[in-house]
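Subject: Structure handover

Hello,

Here is the structure I promised to pass on. Please open it first, then read my notes below.

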Amino acid sequence: MIECIIKKTEKKGSSTDGKYFLKVLHTNVVDFDSLAAQITSETSLRKSDVLRVYIELCEHIISNLRNGYIVALDELGRFKLEVESTGVKSIDEIGLRQLKGVHCCFLPKVLDNSNKMLDGLDFEINRSCSNMK
């Protein structure tokens, strides 16, 4: 069950100012140790095996992202780097000084209007944790 809360935006001058939106309430973080424990309990792999694959996978994902590639993991989705920059009026003004930041985007896999990660999700609105000013 995915729990949602209601948030009211306060962005003066924005078209979203004063509007209410649903946001996911994240109540826990599942870390690598928990994932490794789940994997070792359901397979013949040892935690050290899982750790080694995880370390190698992370190193290769990072390396490929740094080379400008999109990294596609079949059942999960795609990872890619994007940049934020300030706008300029003329193409002659554009340069690296306009870069404001880099972030990693995750795009869940969607095939034939179905997604293993997203199909069948149940949502519930928790009004007691909401910011409904």
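Start with Phe106. It counts as partly exposed, because its relative accessibility is 34%. Keep in mind that this is a predicted model.

Next, the aromatic pairs. There are two. One of them joins Phe79 and Phe106. The ring centres are 5.0 Å apart and the planes meet at 45 degrees, so the pair counts as tilted: stacked would need under 30 degrees, edge-to-face over 60. Phe79 sits in strand S4 (residues 77-85) and Phe106 in strand S5 (residues 99-108), so this pair ties together parts that are 27 residues apart in sequence.

Now the sheet. It is open and has three strands, in the order S3-S4-S5, with antiparallel pairing. S3 and S5 are the edge strands, each pairing on one side only. From one strand to the next, the twist averages 25 degrees. S3 and S4 are joined by three bridges. Val71 stands opposite Phe79 in S4.

Then helix H2 (residues 47-66). It has 20 residues, which should span 28 Å at 1.5 Å a residue; the end C-alpha atoms are 28 Å apart, so the two agree. Which residues of H2 are buried? Val50, Ile61 and Leu65 are. They lie on the same side of H2, because they cover an arc of only 25 degrees around the axis. The cover over the buried residues of H2 includes helix H1 (32-42), strand S3 (71-73), S4 and S5. After H2 comes Gly68, with a positive phi near 85 degrees.

Best wishes

Methods: Residues numbered from 1 in each chain as written. Predicted model: local features only at pLDDT ≥ 70, side-chain atom pairs only at ≥ 80, totals over all residues. Heavy atoms only, no water. Phe/Tyr/Trp six-rings, centres within 6.5 Å; stacked < 30°, edge-to-face > 60°. Helix = DSSP H or I, 4+ residues; strand = E, 2+ residues; numbered from the N terminus. Buried < 20%, exposed > 50% of the residue type's maximum accessible area, 1.4 Å probe, protein only. Expected span 1.5 Å × (residues − 1). Arc of directions from axis to C-beta. Contact = heavy atoms within 4.5 Å. Pairing = 2+ DSSP bridges. Axes fitted to C-alpha atoms, helices over the stretch in contact; angles between N-to-C directions.
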